[in-house]
Amino acid sequence: MKVAVIGASGQLGSDLIKVFDDVIPLTHKDIEVTDLSSCEILKELKPDVVINTAAYHKTDECEENPEKTFLVNSVGARNVALICSEIGAIDVYISTDYVFDGAKKEPYTEEDTPNPINVYGVSKYAGEILTRYICNKHYIIRVSSLFGVAGARGKGGNFVETMIKKAKAGEELNIVNDITMSPTYTKDAAIAIKEIIYNKLPYGIYHVTNDGSCTWYEFAKAIFEITGIDAKLNPITSEKFPTKAKRPMNSALSIEKIKSFGINMRQWKYALRDYLREKGHI
């Protein structure tokens, strides 16, 4: 099975290319998803599966750049889906927990109705819809709060590295303690995505995160507990940390669906410890 990974140098993409045997890594230099003619390269490569991790995901910037956001996250998804449909490839679109509004008290399931509250979330939901109706052979994979060894290309790192860097510099850290999410180690997500494809699970939507959920403050606290770094850490409310884009108060994702197919994800603290060890922090 030949697998093309769009966004191969990104945080998730770089782990995806490690888990597949016959893989075609495609970076921004190789393919521009916003340009349909650029996506024609997929016709030459003839992959059986295309995993589209390309995204514009600087959430606050997205509020000020809706055109770019929709071009990458929605039109880009459409372009990839059109080519996949034409060549008979499976289209794997990587989506986000931000398609939900955060009003639910429990983790969101794949059956819950999306209701995004920021431009980024709306653009990704539009990408989901376009993928679904253009390409019959599709997997929509929603991930959340990613951290991986490569770091987020567009963000210059990830939350874990930012926390460690700031703490070592002696900065006092005020971290939001009323927004809940599901931390996800990209290494674990990549393995689960491979299992979904190789096990030929029914086409549709799947949530892929590490098991469990926490607030950003609890996540930061765990980072410093595991590394032993002495950090000045304070819990604050999201009201005290205003951002341009609204964030869902609860975007934790339920992974019961993939569990029902025998795909088990380890608890996020174990994944975090493994990540910190791999990065040389412990």
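In this predicted model, strand S5 (residues 138–143) runs parallel to S10, and 4 bridges hold the pair together. Within that pairing, Ile-140 sits opposite Ile-205 of S10. Stepping back, S5 and S10 turn out to be part of an open sheet of 6 strands, laid out in the order S2-S1-S3-S4-S5-S10 with parallel pairing. In general, the strands of a sheet pair through backbone hydrogen bonds, and they can do so in a parallel or an antiparallel way.

The two ends of this sheet are taken by strand S2 (23–26) and strand S10 (204–207); each has a single partner strand, so one side of each goes without a neighbour in the sheet. Going from one strand to the next, the twist averages 20 degrees. At the S2 end, the partner is S1, and these two strands pair in the parallel sense over 4 bridges. One of the matched pairs there is Val-3 with Val-23, the latter being the bridge partner in S2. As for the faces of S2, Ile-24 and Leu-26 make up the covered one, while Val-23 and Pro-25 are on the uncovered one.

What lies across the strands? Helix H5 (residues 66–87) lies across strand S1 (3–6), strand S3 (49–52) and strand S4 (90–96), and runs at about 165 degrees to S4. Helix H6 (residues 119–134) lies across S4, S5 and S10, with an angle of about 160 degrees to S4. S4 is thus crossed by H5 and also by H6.

The loop between H5 and S4 is home to Ala-89. With a relative accessible area of 1%, Ala-89 counts as buried, because the cut-off for that label is under 20%. Leaving aside residues up to four places away in sequence, Ala-89 touches Pro-47, Asp-48, Val-49, Val-50, Cys-84, Cys-135 and Lys-137. Measuring from C-alpha to C-alpha, Ala-89 and Lys-46 are 8.0 Å apart in space, with their positions 43 residues apart in sequence.

Thr-186 tells a similar story of burial, this time in helix H8 (residues 186–198). Its relative accessible area is 0%, and Thr-186 is buried. Apart from residues up to four places away in sequence, the contacts of Thr-186 are Gln-11, Leu-12, Asp-15, Leu-146, Phe-147, Gly-148 and Val-149. Met-249 is another matter: 63 residues along the chain from Thr-186, its C-alpha atom is separated from that of Thr-186 by 23 Å.

Helices also pack on one another. Helix H7 (residues 159–168) and helix H11 (residues 268–278) meet at an angle of about 65 degrees, their axes 12 Å apart, and H7 passes H11 in a right-handed crossing. On the H7 side the contact is made by Val-160, Glu-161 and Ile-164, and on the H11 side by Leu-272, Tyr-275 and Leu-276.

Now for the chain as a whole. The protein chain has 11 helices and 12 strands. Its radius of gyration is 18 Å, close to the 19 Å that the globule rule gives for 282 residues, so the chain is as compact as a globular protein of that length. The C-alpha trace spans about 55 × 40 × 35 Å along its principal axes. Of the 282 residues, 51% count as buried, and carbon and sulfur atoms account for 50% of an accessible surface of about 12,400 Å².

Key
Residues numbered from 1 in each chain as written. Predicted model: local features only at pLDDT ≥ 70, side-chain atom pairs only at ≥ 80, totals over all residues. Heavy atoms only, no water. Pairing = 2+ DSSP bridges. Axes fitted to C-alpha atoms, helices over the stretch in contact; angles between N-to-C directions. Contact = heavy atoms within 4.5 Å. Rg over C-alpha atoms; globule rule 2.2 N^0.38 Å. Buried < 20%, exposed > 50% of the residue type's maximum accessible area, 1.4 Å probe, protein only. Areas by Shrake-Rupley, 256 points an atom, 1.4 Å probe, with all protein chains shown as cover. Left-handed = near helix turned anticlockwise from the far one by under 90°.
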